[in-house]
Amino acid sequence: MIRNGSDSAVPRRLQWQTAEVSGLIDETPRVRSLVLTLPDWPGHKPGQHVDIRLTGEDGYRAQRSYSIASAPESENVMLTVERIEDGEVSPYLSIDVRKGDKFELRGPIGGHFVWTSALQGPLFLIAGGSGVAPLMAMLRHRAAAKNKAPATLLYSSRAFEDIIYRTELERLAAMGDGLKIVHTLTRQQPAGWAGGARRIDRAMLESEGFPPAARPRIFICGPTRLVESASQIMLDLGHEANLIKTERFGPTGG
Amino acid sequence: MAQPPISRGFRGRKPPVQSDRIPPGQHLVHDFPVLSAGPTPHAPLSEWSFSLDQGGKALKEWSWEEFNALPQTRLKTDIHCVTTWSKLDTQWRGVSIDDLLKAAGLAEPPGDFTMAHCDGDYTTNVPVDDLAGGKGMVATHFEGEPLAPEHGGPARLLVPHLYFWKSAKWIRTLEFLDSDEPGFWEQLGYHIYGDPWQEQRYAGD
Ligand SMILES: Cc1cc2nc3c(=O)[nH]c(=O)nc-3n(C[C@H](O)[C@H](O)[C@H](O)COP(=O)(O)OP(=O)(O)OC[C@H]3O[C@@H](n4cnc5c(N)ncnc54)[C@H](O)[C@@H]3O)c2cc1C
């Protein structure tokens, strides 16, 4: 069941709670998923995020946002963190954190970049790098809800070993429930690679996506440049602006 | 929470010198992150207009040329995004809300609250007291250059003392209201007022 405070007229107050790291999954050389156990989780919708707050031994604090990668149907909440080399928080979460460690968290947050199985029409998901995290929550939810409406994930990674959730995506695509997964590798392709070998561009969005007449719901998440260009192309192709939802992780535009 | 859990081994980056200018939970950036809920609109300037509205009627409307002929205000200020980045000493140019009211022939703001309406159907609510008296402007230039579309160009509201989602991108109308009504993010659980120094990120903060 999906419950969410933001549905009610008076939003639930977002309290900080203590998350405990109950599992760690190395997804790629630069990306790790954290499985969290939370004392009081009200449920979430696919696409929402949480804020986390770290406190150092000297009391110094840092706060960041991370998308929820798990489905609402899942027992635990999963975050997927990509290491930014000179970053303050992501190296800690993607390297240092161990099972049993605790930090503060509050959420779920955001009600715009959200998809649930109740929404009609085809689903077109466009991801760059760790931007796949909130889209994975949508795909996991779609599978759990046995939704068979056509869906496509167009997913750009640098190289084959940088593809996050690769085996799970293969499994989802093999279920034969109308999901198509298209990878493109922008920097390096393995020998015999049959997928895309360049950045997401107009030709790719036009051939892999759905025609505007099918009124697909479009979710685009990743680095700012990818989100800016893909959303502009989707508008140019004739998709309605109110069907295109975007989430920008950084890095920052000019 | 009385005692936050210590994140074992987390050191972080110590706050820089001017930490009294960085609100709680924020960190400094040197670039300019982009956050918006949908595609960036690219309206041609020939079709652009800006109006002050009340009760569904325009009190005054300006074309792009007319708008740029209004008195210009320059402002150097710090900005704070709810996603926790802050940026210091950003430089803006545009037309202050005070000058807009004057140019519209209004001695007083015609309501205590406002709703900013933007291209892309984005809205946000701001009390008049946070705009008048030199506090807010409609900005058309950033760091001496025309404001880039992804940062809200051709014109965005600028209310730098509130979280930056209140500085609505692609503004086209400022509507005066008698009561405070929630805008786009405010209806989605974000704080109705959004003071970074009180850390008013979400409803109830
Ligand atoms: C709504 C929302 C959801 C998010 N979800 C996720 C998620 O699921 N997984 C995830 O890994 N991140 C996510 N992010 C980004 C995350 O919040 C942090 O910004 C990121 O982890 C970097 O933090 P840091 O402290 O390591 O780097 P910082 O110390 O904040 O920044 C260091 C440098 O890296 C640059 N930088 C910041 N973010 C990125 C980026 N994404 N790519 C490249 N350069 C960057 C900064 O501009 C800066 O120059 C999300 C952000 C938002 C706003």
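## Close-up views of a predicted two-chain model

Across the interface of chain B and chain A, 16 residue pairs are in polar contact, each with both partners at pLDDT 80 or more. Keep in mind that this is a predicted model. The legends below take you through it one view at a time.

**View 1. Chain B meets chain A.** Here you can look at the contact itself, to which chain A gives 48 residues and chain B gives 40 residues. Together the two chains bury about 3800 Å², and carbon and sulfur atoms give 51% of that area. Three residues are worth finding on the chain B side: R8(B), F10(B) and P39(B) supply 19% of the area that chain B buries against chain A, more than any other three residues.

**View 2. A salt bridge between the chains.** How many salt bridges are counted between chain B and chain A? The count is two. This close-up shows R106(A) with its partner D205(B), whose closest N and O atoms are 2.8 Å apart. Around them you can explore the side of chain B that touches chain A, made up of 18 nonpolar, 13 polar and nine charged residues.

**View 3. The ligand between two chains.** Where does the ligand lie? It lies between chains A and B. It is surrounded by 26 residues, and the closest are S65(A), Y66(A), V89(A), S90(A) and R13(B).

**View 4. Oxygen atoms of the ligand and their partners in chain A.** Start with R64(A), which has an N or O atom of its side chain 2.9 Å from an oxygen atom of the ligand. Next, turn to the backbone: an N or O atom there in E88(A) is 2.9 Å from a ligand oxygen atom. V89(A) also uses its backbone, with a polar atom 2.8 Å from an oxygen atom of the ligand.

**View 5. Two domains of chain A side by side.** Chain A is assigned domain 1, covering 17–109, and domain 2, covering 123–249. Their centres, taken over C-alpha atoms, are 23 Å apart. In this view, 19 residues of domain 1 are in contact with 17 residues of domain 2.

**View 6. Inside the domain interface of chain A.** Domain 1 and domain 2 bury about 1400 Å² between them, with 56% of it on carbon and sulfur atoms. Five residue pairs are in polar contact here, both partners at pLDDT 80 or more, while the number of salt bridges is zero. On the domain 1 side, strand 1 (17–28), strand 2 (31–37) and strand 5 (77–82) each give two or more residues. Strand 5 has the largest share, three residues. Sorted by class, this side has eight nonpolar, seven polar and four charged residues.

Terms used: Residues are numbered from 1 along each chain as its sequence is written. Chains are lettered from A and ligands numbered from 1 in the order in which they are written. This is a predicted model: local features need pLDDT of at least 70, side-chain atom pairs count only at pLDDT 80 or more; totals for chains, interfaces and linings use all residues. Side-chain values use heavy atoms; hydrogens and water are left out. Domain bounds come from an automatic or database domain assignment. Contact means heavy atoms within 4.5 Å. Buried area is the accessible area (1.4 Å probe) that two parts lose on being put together, summed over both. A salt bridge is a side-chain nitrogen of Lys or Arg within 4 Å of a carboxyl oxygen of Asp or Glu. A polar contact is a pair of N or O atoms within 3.5 Å; within protein, one must be able to donate a hydrogen and the other to accept it, and residues adjacent in sequence count only if both atoms are side-chain atoms. Helices (H or I, at least four residues) and strands (E, at least two) are DSSP runs, numbered from the N terminus. Ala, Val, Leu, Ile, Met, Phe, Trp, Tyr, Cys and Pro count as nonpolar, Asp, Glu, Lys and Arg as charged, and the others, Gly among them, as polar. A residue is near a molecule or strand if one of its heavy atoms lies within 4 Å of it.
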